[in-house]
Amino acid sequence: MTNNDLGLEVIPHRPRSKSRDGLIFVSSMWFLSRSVIAIGMQVIAPLVCQNPPVYNWPPLGFVSGFLPTSGWELFSHWDGKWYVQIANLGYSYADDGQHHSVAFYPLFPLLMRGLTTLGMQVELAGVLINSLAFLGALVLVYFWVEERYDAGAARRTTAVLAWCPFSLFCTVIYTEGLFLFLTASALRAFERGEYIWAALWGALTTATRGPGVALIPTFLLTAWREKRPPLAYAAGFASAIGFFSFSLYCAIRFGDALAFVYVQKAWVQPTWLEILKDFFSFRLQAVSKVAMIFGGGYLLWYLRKRLSITVLCFGFCSLALLINSGALQSVHRYAYGIVSLSIGLGLVLSSQPRWGYAVMTLFATFLLYMAVKFAAWA
């Protein structure tokens with residue numbers, strides 16, 4: 001007697017060779033792109049960066065006269081120093097208009113702290129967590145896209161994620177790799193009707209980074225549009241657990257439930273008017289911000305009939321959140337964390353393979369450049 005005889009649904013297994021080929025491709029993209037970063041930071045930067053940067057208001061952990069030397073410390077510059085501090089010392093906050101570590105969400109430094117209790121160096125722990133989470137994200141997104149479209153689209157999407165210059169932040173001590181893994185896991189689970197898993201991944205996402213709250217309207221709008229069961233709405237609301245747990249911690253520890261929001265004012269941010277002025281002056285930072293946000297919005301609209309409602313809603317909700325958040329200094333990096341944009345670009349490049357090779361070459365060049373600059377505190 002078979003499962004069909006019993007009236008049970010039979011889900012066909014993926015051919016083993018097909019799965020193996022996909023895993024080999026994903027692993028290769030991950031390894032090669034991470035190798036470019038490692039070479040740029042650990043080999044090239046110490047050789048070519050001979051002029052120490054100078055800052056009137058130095059970032060946390062910066063030492064005057066710094067020149068890069070090979071070591072795990074190079075992976076912890078900029079925001080990485082804050083995560084290292086939280087993992088070692090916990091949170092700090094005072095309503096004094098200064099920078100404080102409470103601005104950074106807790107899941108990533110908690111995981112780092114967990115590995116350090118096992119005897120691992122804190123910088124190594126951060127790199128390991130972020131890099132392996134990124135590998136998990138690539139594997140997940142590859143098979144997700146392959147199931148919905150084809151292997152060509154899956155390969156292009158994986159290549160976009162792996163070689164985009166902002167994927168640097170999926171290896172250094174930032175939250176990009178972990179955020180991509182959690183959001184992709186939540187979205188895929190919700191699409192498949194696995195609402196308990198969607199709620200779990202969603203709650204972990206909102207405990208990782210502020211833009212993760214875009215999952216909440218995504219789940220609610222998708223549930224309404226597709227007339228999903230009440231559990232789908234529950235998954236949307238449950239995704240806020242990470243956010244509210246951090247808020248509760250701040251209320252108990254610092255007497256201010258929104259301390260992590262108010263402290264953001266200490267970081268000076270450009271306005272959209274300033275960014276647009278720089279854009280028309282062809283400054284690379286501004287061009288990349290406008291391209292990632294407004295170009296990303298057009299990309300989603302252009303592909304609105306090919307992308308699933310879940311992916312489309314998450315893309316638009318995330319972009320709307322970033323546009324109105326006021327945190328515009330790193331808005332292009334945050335946009336990279338919107339998996340919907342990588343899926344969309346992967347679909348476009350899969351139909352234009354020559355453009356795909358050109359884009360990947362450009363991406364790889366800038367990835368190496370950014371790795372060198374990051375290591376030099378530049």
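Which residues are linked in a network of salt bridges? In this predicted model, they are Asp79, Glu176, Arg209 and Arg333. The close-ups below start with that group and then move to a separate pair.

**View 1. Asp79, Glu176, Arg209 and Arg333 form a salt-bridge network.** Here's the cluster to look for when you zoom in. Two of the contacts involving Glu176 get their own panels: one with Arg209 and one with Arg333. For the wider picture, the structure holds nine salt bridges.

**View 2. Arg209 pairs with Glu176.** The closest N and O atoms of this salt bridge sit 2.6 Å apart. Arg209 comes from the loop between helix H7 (195–206) and helix H8 (215–225), while Glu176 belongs to helix H6 (residues 176–191), so the contact ties together parts 33 residues apart in sequence. Both Arg209 and Glu176 are buried.

**View 3. Glu176 also pairs with Arg333.** This time the closest N and O atoms are 3.0 Å apart. Glu176 is in helix H6 and Arg333 is in helix H15 (residues 331–336), so this salt bridge ties together parts that lie 157 residues apart in sequence. Arg333 is buried, just as Glu176 is.

**View 4. Arg192 and Glu194 meet in a salt bridge.** Their side chains come to 3.3 Å, N to O. Are these two residues buried or partly exposed? Arg192 has a relative accessible area of 46%, so it is partly exposed. Glu194, at 33% relative accessibility, counts as partly exposed too. As a general reminder, side chains of opposite charge can pair when their charged atoms come close.

Terms used
Residues are numbered from 1 along each chain as its sequence is written. This is a predicted model: local features need pLDDT of at least 70, side-chain atom pairs count only at pLDDT 80 or more; totals for chains, interfaces and linings use all residues. Side-chain values use heavy atoms; hydrogens and water are left out. A salt bridge is a side-chain nitrogen of Lys or Arg within 4 Å of a carboxyl oxygen of Asp or Glu. Helices (H or I, at least four residues) and strands (E, at least two) are DSSP runs, numbered from the N terminus. Buried means under 20% relative accessible area, exposed over 50%, partly exposed in between (1.4 Å probe, protein chains only).
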